[in-house]
Amino acid sequence: MMTSILRNLRIHHDFTSLRALTTGGNIVSKSSNTTPMLSEERDKLYSKLEIEIRGVDPAVLKSYSWFATTAANHLDIEVGKCYSARKASKERLTLLKCVHIYKKHRVQYEIRTYFRYMNFHKLTESTLDTFLEYIERNLPEGVALLATRTEIQEIPEHLRQPPNST
């Protein structure tokens, strides 16, 4: 099959399609006069991005928040408050040591979950998507991330005009 492709390419002398074929990309011929269309859509604006990270190790959360704020500074994103909750959320589970007898003998397990919060202000949609994708790809093991966006929207037309008082 590869020899037939090479034979066809020797006839047409089009080596860009071979490069696209080997990389798995789209084949674009040179003869097509297509120009990229510029979209007239504007980027959405976001006033605030709130990020909550939770995990079982507070040192990992602290270093990850440092990483995220450093990445935000490189992207010229305004960094707001970064803080953590004073106490960890504790979940306790009590089980019997032996299932059949000895009800007095129990074992207790505890899971502590630590929280850390970060706020970022005045973002565009493209910057926000780039930033979120970057920090999500570098999320450490055992850490969960929750991001909440606050979008800025125009005031609807029916609310712009004050009501007539007669």
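**Note on helix 4, Asn119 and the largest pocket**

1. The buried residues of helix 4 are covered by elements that include strand 1 (45-55), helix 3 (58-74), strand 4 (106-124) and strand 5 (143-152). The model is a predicted one, and the points below should be read with that in mind.

2. Helix 4 spans residues 125-137, 13 residues in total. From first C-alpha to last, helix 4 reaches 18 Å, close to the 18 Å expected at 1.5 Å a residue.

3. Which residues of helix 4 are buried? They are Leu128, Phe131, Leu132 and Ile135. These residues lie on the same side of helix 4, because they cover an arc of only 95° around the axis.

4. Strand 4, one of the elements covering the buried residues of helix 4, contains Asn119. Is Asn119 buried or exposed? Its relative accessible area is 15%, under the 20% cut-off, so Asn119 counts as buried.

5. With neighbours within four places in sequence left aside, Asn119 is in contact with Lys48, Leu49 and Glu50, and also with Glu78, Val79, Gly80, Lys81 and Tyr83. Lys48, Leu49 and Glu50 fall within strand 1 (45-55).

6. The largest pocket has a volume of about 160 Å³. Its lining consists of Arg42, Asp43, Lys44 and Leu45, together with Ile152, Gln153 and Glu154. By class, the lining of the largest pocket has 4 charged, 2 nonpolar and 1 polar residues.

Methods
Residues numbered from 1 in each chain as written. Predicted model: local features only at pLDDT ≥ 70, side-chain atom pairs only at ≥ 80, totals over all residues. Heavy atoms only, no water. 1 Å grid on protein atoms, 1.4 Å probe; cavity = no way out; pocket = protein on both sides within 12 Å on 5 of 7 lines; lining within 4 Å. Points joined across faces, edges and corners; volume = space filled by probe spheres on them. Nonpolar A, V, L, I, M, F, W, Y, C, P; charged D, E, K, R; others polar. Helix = DSSP H or I, 4+ residues; strand = E, 2+ residues; numbered from the N terminus. Expected span 1.5 Å × (residues − 1). Buried < 20%, exposed > 50% of the residue type's maximum accessible area, 1.4 Å probe, protein only. Arc of directions from axis to C-beta. Contact = heavy atoms within 4.5 Å.
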